[in-house]
Amino acid sequence: MEGLTYKQVNDSVINTLAPPRKFYFAIVGFFALLFAMGMSVWFYMIVNGLGVAGIRHPVMWGVFITNFVFWVGIAHSGTLISAILYLFRAEWRMSIYRSAEAMTVFAVATAGMYPLIHLGRVWVAYWTLPIPNEMLLWPNFKSPLIMDVIAISTYLTVSASFFLIGLIPDIAAVREKATGIRKKIYTILSFGWHGTNEQWRHYGRAYLFFAALATPLVISVHSVVSWDFALSIVPGWHSTIFAPYFVAGAIHSGLALVITLLIPLRKIFKVENIITIKNFESMAKVILLTGLIVGYAYAIEYFLAWYSGNPYELAIFKWRASGDYAPAFWTMVICNSIVPLLFFFKKIRTSIVGLLVVSILINVGMWFERYVIIITSLAHEFLPAAWGNYSPTWVEIGISFGSWGFFLMLFFLFAKFLPSISITEVKEILPTPKRKGGSNEH
Amino acid sequence: MDRKTFLQILGLTGAGIVSGCKTDTQRLIIPYVIPPQEIVPGIANWYASSCRECPAGCGLLVRCREGRAVKVEGNPEHPINQGKLCARGQATLQELYNPDRLITAQMRNAEGNFVSLETEIAIKQIGNHVKSLVSQKAAKEIAMITSLNSGSLANCADEFMNSIGGEKPVIYEAVNYSAIKSACNKVFGKNIVPKMSLQDADMILSIGADFLETYVSPVEFARQFADNSDAKEGRKSVFIYAGATLSMTGNVADKWIQIPAGGEKLFALSLLNEICKLNPNPIAKNFSEGFSADSVAGKIFISPNDIKQTAKLLVKAKRPIVMGGLMCDEETQIAIMLINSIIGAISKTVFLNNPLSYSNISTDEEVEALIKKCLEGTIDTLFILQTNPIFTMPKHFRFDEALKKIRMVVAFTPMLNETTEYSNYVIPTNTPLEDWDEYQPDASIRNYQQPVMESVFGVSSTGDYLLEIFKSVTGKTLNNSATYYDFIRANSKSSDVEWKQILGKGFSSKNISVSETPKILAANLLKPKIQAMNFDAIYFITTPSYKYYDGRGANKPWISEIPDASSSIVWENYVSLNSKYAELHGIKNHDIVELTTSEGSIEIPAKVSTDIEYHSVAIAFGFGHTKFGRYGTNVGFSPLPLLSKNLWSASTIKIKNTGKWTRLISPSDTDLQYQRGISQAVLLSEIGKDKKHHEDLNMYPKVQHETYRWGMTVDLDKCIGCGACIAACYAENNIPTVGKELISKGREMQWLRIERYREDEFADYGNRYIPMMCQHCENAPCEPVCPVYAAYHSKDGLNVQVYNRCIGTRYCSNNCPYKVRRFNWFSYEHPHPTHLQLNPDVTVRDKGVMEKCTFCVQRIVEARDKAKDEGRLVRDGEIKPACVQTCPTNALVFGNLLDEESLVSKLKNNPRAYRPIEEYNTRSAITYLQKVVKDDYAPKKKNKV
Amino acid sequence: MNREQLRQALATSIEANDKSLFKPYLIALLAVGVVGFLVGMLAGETQQVMQAYLINFVFWIGIAQGAVILSVVLRLTNAKWGRPIMRIAESASAFLPVTILLFIIIMLGGEKLFIWINEPVAHKAAYLNAPFMYSRVLVSLVLMTVLSLIYVGNSIRNDLAAIYHGKIVPEHFRKLLTNYDVSRIEKSNDKQTTLSVILAICYAVCYSVLAIDLIMSLDPHWVSTLFGAYYFIGCFYTGIAFTIIMASFFIGRPEGEIIGSKQFHDLGKLLFGFAIVNGDFFYSQFLVIWYGNLPEETHYIIERTQHEPWATMAYVVLLLSFIAPFIILINKKIKMNPVAMRWISIGILLGLWLERTLLIAPSVSGNTSFPNVWIQITITLGFLGIIITSIKYFWSKYPMVVYGDPLLKHSLEGEK
Amino acid sequence: MNTKKIISASFLYVDDFVNVIKHFKSEKRKFVTYSPVPNHEIEEALGAKKSKVGLFTLAGGIIGLISGFSLAGFTAAEWNLVLGGKPPVTLIPFVVIGFEFTILFGALATLLGLIINAKLPSYKKLKGYKPEFTVDHFGISLEADETEVASLTDSFNTFGAKEVTYE
């Protein structure tokens with residue numbers, strides 16, 4: 001990024017918003033179709049009942065909740081990059097945080113659909129919200145699911161606001177280059193930002209506080225998601241390590257998806273000089289850390305399952321590794337805690353191919369982690385006579401693909417209509433233009 | 001408003017066209033307990049009636065709401081079942097409301113297809129036909145074959161045939177005890193099937209008699225058996241089961257003597273021989289000469305000691321009984337009768353003075369004689385009353401050919417079956433709950449049935465039809481009875497006051513004087529003929545299914561959906577193979593094997609287990625209907641093609657693995673309990689010792705209950721795994737049946753299931769049962785996780801599920817360690833008229849909500865409100881959830897745990913008491929009592945749970 | 001302060017070779033500890049003595065190792081702000097070799113502590129037996145000590161090389177600097193980074209082992225999967241607090257001139273952060289156990305939160321280790337004040353010390369009796385004496401600023 | 001008659017810009033500055049007080065904390081149902097609700113604080129604003145009498161202004 005000027009950054013980012021080619025519409029259209037397909041399958045399921053999916057007694061939660069946890073996890077990297085690393089003053093976040101943050105918002109929105117999809121009676125889903133009513137029917141705030149509703153909606157609200165606040169100065173910049181209808185839209189979206197120092201003064205503080213609020217929020221959200229499981233007494237779920245372990249896992253998968261998406265993005269938008277290999281390397285290091293944490297959690301859970309002497313816990317853990325879902329289990333172990341160790345080698349964490357392969361494998365592994373945790377624990381609980389194996393049907397698969405369609409459609413739309421790299425913050429880490437020699441101290 | 005109008009307003013009887021002949025009888029039915037009044041909406045009427053699912057003759061109470069029967073229960077005053085019912089009895093409602101019942105008569109047209117016509121017209125046509133025969137003096141060409149009826153319908157049929165000059169009706173039952181009857185005749189000169197009783201029996205030997213399932217009077221036997229094996233300290237009662245298969249009955253035995261199918265005769269004779277050595281009897285000695293245990297045991301692959309010990313026990317016992325199953329032929333039954341006589345069972349446990357209704361069943365010879373006449377073409381018209389011989393008669397009888405020869409076959413039946421396929425007329429009849437009838441299970445009891453509701457399809461009873469035909473033939477009334485009701489009324493020979501009492505009670509009984517024990521008649525006893533068993537041969541046997549009896553129960557999905565007690569398989573049957581044999585021949589579970597006998601062959605899936613003797617294979621009878629309504633058709637396989645003459649006796653068979661494969665559906669994948677101590681057993685001598693202590697630790701203050709804390713105890717020593725509780729639960733709580741496809745996907749809806757585990761504490765064989773339903777935990781893990789308070793703990797200790805509030809997150813089910821919650825995956829259909837059976841006190845759940853056992857909260861509320869009105873507390877035993885109410889062995893007890901004096905509280909403190917998964921601090925309201933294994937009969941212990 | 005001034009200050013400090021290590025107060029502390037130990041033993045209160053000893057053992061090793069790990073983390077994150085206090089954090093490593101010796105006493109009196117030594121738990125005996133447990137702990141302690149000392153030693157050598165670059169090396173550093181000069185610092189720093197990664201991983205593993213063996217196994221029927229992490233995070237938390245206390249003593253000393261309010265501000269933020277993480281880890285365990293209500297887990301919590309005297313102590317711990325720091329450290333001005341930070345850190349350490357007591361005492365000496373206060377205090381003072389002595393020794397011997405670290409320039413005048 | 005003009009100057013370099021600010025500040029003139037990025041040196045030169053947004057955050061957070069706990073507590077008391085043995089009102093699980101509400105209300109209050117303090121949205125075009133200010137130019141605009149325009153232009157130029165305009 002050395003040697004770039006404010007103007008160059010400004011222009012090259014705004015250039016990414018140039019009118020798209022037909023191919024772009026084809027892609028967006030494809031994802032929109034995929035999304036519509038998923039919605040139709042959902043509608044089919046609502047009409048016919050949840051029985052058309054593969055979920056069954058005793059595995060009452062299946063791919064839907066797996067996807068929910070997966071998408072919430074994906075969301076976490078965005079907030080990590082935009083808020084936590086902001087507080088830690090890590091410069092490598094600047095060029096990637098916008099797209100990561102967009103991912104957060106879209107991923108939370110995608111994730112948020114799954115609890116609805118999995119409901120037996122989605123048409124009364126609003127009963128989970130604390131809406132005042134004359135019947136005094138309130139939700140049960142002791143339920144982890146209500147904690148989840150509150151946490152996820154808070155997360156969606158806060159991350160969306162944070163995202164929009166971050167966008168304001170950039171949209172003002174885009175506004176100045178745009179013409180016609182676009183200009184009008186960007187003008188409205190820019191909230192009349194002019195970049196006066198009076199505005200910057202409040203903006204800076206607000207941004208800091210947002211970051212300070214988002215940081216514990218992001219940790220709490222996945223903790224709450226983990227408590228959806230840990231607060232139960234299901235063997236393999238009831239585990240105190242779940243909260244930190246899920247948070248680490250969430251960041252693990254989220255960063256992996258950021259890498260997976262940014263590698264093609266920076267190529268397409270030709271912004272390799274802004275999103276550099278150094279950014280990826282930093283992310284790879286964090287992935288290495290989260291991979292180690294996840295590996296630690298796997299190991300300690302196994303050891304303590306044995307140590308506890310609880311026959312149900314022990315049976316679950318044995319069965320995970322050797323039973324019907326062993327392939328999924330070993331996929332998870334290898335992809336999440338073995339493969340990331342490759343990032344110990346600088347060659348791999350600085351090679352685009354290496355990064356791409358490892359990050360995709362981590363995403364696969366993290367999906368399977370949730371799958372293994374949810375399904376294996378439920379399938380082999382306390383009473384052997386009530387055991388039963390689960391496998392998804394076309395309904396679950398269709399809806400899952402639909403949700404990918406939704407997410408990617410939004411992401412592609414975002415990439416073309418909003419600056420996917422933060423113009424302001426990238427400028428901030430450039431050397432301040434000074435007549436007497438520049439320095440990037442700020 | 002009278003009942004009829006009310007029904008019409010409710011629009012419940014779409015086909016409510018009432019035939020004119022019966023309206024005048026409608027008013028006279030007498031409700032049980034409640035005086036005859038008009039129906040009050042919301043208040044149930046109870047009517048006494050009688051169960052006709054098998055000839056045992058249990059008394060019923062029928063609960064009617066708004067003029068429709070919604071539940072049947074055993075009549076507590078009835079001497080046979082004392083308030084209890086089996087699964088088949090509970091499911092009798094599904095006969096009543098079967099959607100495939102006929103509405104109008106069917107007549108076969110020239111093309112051989114059925115056409116509907118008004119039943120009255122059909123009756124007229126039949127009447128005219130009979131009239132013409134009678135007028136042609138060809139009345140002898142009229143014959144009748146009927147199911148077992150003793151009492152008015154039998155009299156009516158007899159008199160009908162007699163009056164028009166036809167043949168005496170033949171009474172046909174597939175499950176008949178003619179071997180016992182003739183054995184009794186030969187030994188004692190009494191041509192009867194004697195009444196048997198297990199009351200206070202201290203030594204029971206069953207030679208293939210499945211007395212807890214289908215044998216003679218299973219509900220009665222189950223109750224008596226459980227009563228006298230009530231786990232008292234050092235109890236003496238012993239039960240030995242000798243047979244090829246470890247049936248549900250054999251499973252509760254202290255000892256199983258594995259004799260190959262067909263080896264029963266040798267076993268019985270050698271036992272008789274040994275008993276004669278201990279307790280000499282010249283006639284018996286002579287009869288069993290040469291069958292000493294030492295010489296016989298090897299031929300039936302058992303140890304001589306098994307026979308000798310059994311003989312000793314029988315001789316020593318005060319009230320012993322030996323029962324011979326359906327597969328025992330006449331000579332075997334003679335040996336058994338002689339044993340019973342020698343050991344002093346007669347008049348203690350076997351009552352020759354009280355013949356059972358089974359005695360009336362025609363012998364095979366009589367049936368064959370009728371068929372012979374048909375084949376010879378001397379029968380023109382055959383009435384078939386409520387029986388389905390085509391399904392149950394082996395081909396030797398050539399009944400199908402016989403029917404083809406007959407010009408006019410008239411079948412009286414509620415719905416089409418295999419036999420109606422050969423009929424010219426099918427007359428739709430009422431089911432037993434819809435009409436008047438009378439039945440005598442034995443000489444001491446007369447059961448009366450009243451129409452507890454309007455005929456669902458507006459048809460009439462068999463008796464009324466016979467009277468109608470008689471009227472159109474002769475122009476007169478039979479016995480001066482305009483209706484069948486009059487016939488019964490006259491038959492009862494009672495005053496109006498008595499009649500009212502009888503109807504209210506549902507039965508009349510009289511004492512039978514105990515006669516002298518008859519002498520054994522030596523003259524009739526010929527030396528038995530014997531064939532030794534062949535080591536290489538495999539013997540095949542079929543026994544009536546405890547679910548379907550002789551097949552008549554196969555159209556009731558509640559029963560079909562109850563997992564089989566010995567294999568947990570639903571909706572289907574299979575051939576049981578010994579696991580060693582199967583291993584040797586490379587046959588695994590679910591493999592389709594081809595069975596071939598001299599008569600024919602069938603293909604059927606195999607189920608491998610140790611519950612069958614090595615040389616034997618067995619198939620449950622009653623499956624494999626080809627025409628029996630939507631629920632009964634093509635369910636499982638019928639072994640009929642393999643059989644020659646006698647349905648139940650053993651024959652040699654060849655087994656071939658076809659290499660094909662199917663999936664037998666079972667709701668549970670495993671039968672091991674992995675030493676989790678879910679269904680526990682304890683040695684009699686170790687009761688109360690070695691109990692795990694669970695700390696009473698709680699993070700939160702203890703839950704305080706007001707006045708009541710409902711709870712239950714389940715005595716696993718009494719539970720026989722019969723599934724009556726499940727059927728009762730289906731009936732009471734509007735639980736849908738889902739079919740085997742959905743069960744294979746884990747979508748069964750039973751609130752109460754009986755988990756079946758193979759013993760792992762005591763090695764070798766046997767199933768261990770544990771009824772599992774909502775445990776109504778004090779610290780219920782399901783409750784706090786619900787986001788909308790749909791699950792909560794009520795003040796009287798119930799774990800409540802509010803269907804209307806449920807949004808279907810299913811977390812409660814995930815967090816339930818007992819996995820007793822059921823989710824409505826779909827909106828389940830209740831096709832017309834099955835919806836009439838739905839209990840109006842219980843919500844019908846729609847898709848997307850969770851449901852589970854409520855302890856029959858509707859009954860609790862009703863009793864509690866009543867007690868409140870009367871200013872008292874609910875009395876112990878006043879509330880009985882459906883499962884508790886029907887349990888034939890009284891294994892389930894319900895009551896208030898806060899009341900120290902209640903039975904349930906006392907049982908809870910029994911030293912055998914335990915709660916599964918107690919270490920998870922659920923504090924469930926259901927306490928289980930360990931099964932007791934007698935030390936002498938305990939198989940070698942494996943590792944302790 | 002510019003580079004040369006700092007160099008001179010450091011050189012002066014280490015060449016002074018202060019011999020007066022054993023100040024009277026230190027001798028007094030050590031003596032009190034030994035006397036308390038002996039009197040307790042002679043009075044037959046072996047279990048009380050061993051209990052107090054174990055509490056202090058797990059508390060002080062955590063502090064020393066946590067401080068070293070703070071340095072490791074600062075290195076791995078390339079934290080420019082942290083360079084001035086890195087060596088101060090590292091100085092706690094001087095206590096680590098002593099811990100191995102201190103552990104011998106636990107081995108000798110282990111029977112009084114670990115109930116499963118005399119009453120083995122059937123299915124855990126393969127893991128919970130004295131020889132295996134002692135060797136695990138010893139291996140962990142030795143491994144962590146060796147790695148930490150190599151790490152600190154390498155760091156010191158770089159600094160000395162830089163300090164004496166082109167100067168005469170004093171006698172007692174000659175050996176260390178044989179064949180070593182500034183040209184090798186860069187390569188050494190790469191190695192240090194690798195070593196840091198290894199140290200951090202080993203820390204998580206070894207301290208989880210210690211947590212399970214020395215604390216969790218005291219109640220052999222209790223299990224919490226997060227417990228290992230809870231302990232090592234807590235140790236890190238105390239390490240930060242201890243570093244703050246040490247750093248506050250450098251204010252006014254020449255080496256301390258580069259430590260500004262910025263350092264305290266950032267250390268304060270770190271402390272604030274870890275107060276939350278520590279609280280979060282506590283809540284993560286507590287909520288799950290509270291909600292599950294399984295006796296195999298709750299008995300541990302019930303003993304400590306529903307029975308006196310532990311219930312009161314539990315609230316004090318919560319107040320001192322979480323609520324008070326959380327509320328106080330929101331304020332920026334307090335975070336920038338070294339003296340205030342010192343007292344807050346002492347409060348936190350007291351809270352964590354009580355927390356260790358709360359974890360250990362009810363398991364060892366039953367759930368009703370309050371520990372013998374005199375034994376507790378004397379032995380704690382003894383441990384305090386040992387750690388101060390070892391740290392003082394380090395301070396007097398080695399340069400207290402990572403002079404050779406390339407990132408130090410951001411804290412020096414005239415170099416940006 | 002004095003007509004007021006808006007003079008606006010743009011600078012490429014921060015140090016020049018800081019000098020300009022310092023100059024006009026010492027002259028106690030009212031002016032508006034624009035910058036493409038926030039900058040400490042500029043803020044220092046402007047000497048503005050710390051933004052009050054933080055107070056909004058704090059107030060929001062406290063209100064959130066209280067309302068979270070009270071919502072959970074009072075509704076639970078309203079139902080008064082025992083769930084799985086847990087008493088109706090129990091604070092331990094409500095910590096999560098309290099926490100989430102703290103964050104939610106805190107964040108919304110921050111947003112509100114930003115909107116109120118920075119007077120957003122304001123679609124009125126500011127006089128003296130130039131599009132380059134969002135790209136790479138640091139801008140300053142002030143209101144002056146027509147007569148002053150020339151002298152001000154000069155002084156801007158001496159500080160190194162890239163461009164000076166007025167309207």
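**Exercise 1. The interface of chain B and chain D**

Task: In this predicted model, determine how many residues each of chain B and chain D brings to their contact, how much area is buried between them, and which three residues supply the most of chain B's share.

Solution.
Step 1. Count the residues on each side. Chain B contributes 14 residues to the contact, and chain D contributes 10 residues.
Step 2. Consider the area. The size of an interface is often expressed as the accessible area that is lost when the parts come together. Between chain B and chain D, about 1,100 Å² is buried, and carbon and sulfur atoms give 70% of that area.
Step 3. Locate the main contributors. Y700(B), P784(B) and Y789(B) together account for 54% of the area that chain B buries against chain D, more than any other three residues.
Step 4. Classify the residues. The side of chain B that touches chain D holds 8 nonpolar, 2 polar and 4 charged residues.
Step 5. Examine the polar interactions. Chain B and chain D share 0 salt bridges, while 4 residue pairs are in polar contact across this interface.

**Exercise 2. The interface of chain B and chain A**

Task: Describe the contact of chain B with chain A by residue count, buried area and salt bridges, and state which elements of chain B each supply at least two residues to it.

Solution.
Step 1. Count the residues. On the side of chain B, 53 residues are in contact with 54 residues of chain A.
Step 2. State the area. The two chains bury about 4,400 Å² between them, with 58% of it on carbon and sulfur atoms.
Step 3. Look for charge pairing. Side chains of opposite charge can pair when their charged atoms come close. Across the interface of chain B and chain A there is 1 salt bridge. The side chains of K819(B) and E381(A) meet in a salt bridge, with a distance of 2.8 Å from N to O.
Step 4. Add the polar contacts. The count between chain B and chain A is 32 residue pairs.
Step 5. Assign the contact to elements. β29 (753-758), α25 (811-814) and β33 (822-823) of chain B each provide at least two residues of the side that touches chain A. By class, that side of chain B comprises 27 nonpolar, 12 polar and 14 charged residues.

**Exercise 3. A salt bridge within chain A**

Task: Give the number of salt bridges over all chains, and explain what the pair K177(A) and D11(A) ties together.

Solution.
Step 1. Take the total. Over all chains, the count comes to 65 salt bridges.
Step 2. Inspect the pair. The side chains of K177(A) and D11(A) meet in a salt bridge at 3.4 Å, N to O.
Step 3. Place both residues. K177(A) belongs to helix α5 (residues 144-177) of chain A and D11(A) to helix α1 (residues 6-15) of chain A, so the pair ties together parts that are 166 residues apart in sequence.

**Exercise 4. Two open sheets**

Task: For the sheet β18-β19-β20 of chain B and the sheet β2-β3-β1-β4 of chain D, identify the edge strands and give one bridge pair from each.

Solution.
Step 1. Begin with chain B. Its 3 strands form an open sheet in the order β18-β19-β20, with antiparallel pairing.
Step 2. Find the edges. β18 (437-442) and β20 (507-509) of chain B each have a single partner strand, so one side of each is left without a neighbour in the sheet. Neighbouring strands of this sheet are turned by 20° against each other on average, direction ignored.
Step 3. Examine a pairing. β18(B) and β19 (residues 445-449) of chain B pair in the antiparallel sense over 4 bridges. D442(B) has I445(B), in β19(B), as its bridge partner.
Step 4. Turn to chain D. This open sheet has 4 strands in the order β2-β3-β1-β4, again with antiparallel pairing. β2 (31-34) and β4 (163-166) of chain D are the edge strands, each pairing on one side only. The twist averages 20° from one strand to the next.
Step 5. Examine a pairing here. β1 (residues 4-11) and β3 (residues 138-145) of chain D pair in the antiparallel sense over 8 bridges. K4(D) has D145(D), in β3(D), as its bridge partner.

Note on methods
Residues are numbered from 1 along each chain as its sequence is written. Chains are lettered from A and ligands numbered from 1 in the order in which they are written. This is a predicted model: local features need pLDDT of at least 70, side-chain atom pairs count only at pLDDT 80 or more; totals for chains, interfaces and linings use all residues. Side-chain values use heavy atoms; hydrogens and water are left out. Contact means heavy atoms within 4.5 Å. Buried area is the accessible area (1.4 Å probe) that two parts lose on being put together, summed over both. A salt bridge is a side-chain nitrogen of Lys or Arg within 4 Å of a carboxyl oxygen of Asp or Glu. A polar contact is a pair of N or O atoms within 3.5 Å; within protein, one must be able to donate a hydrogen and the other to accept it, and residues adjacent in sequence count only if both atoms are side-chain atoms. Ala, Val, Leu, Ile, Met, Phe, Trp, Tyr, Cys and Pro count as nonpolar, Asp, Glu, Lys and Arg as charged, and the others, Gly among them, as polar. Two strands pair if DSSP finds at least two bridges between them. Axes are lines fitted to C-alpha atoms, for helices over the stretch in contact, and angles run from 0 to 180 degrees between N-to-C directions.
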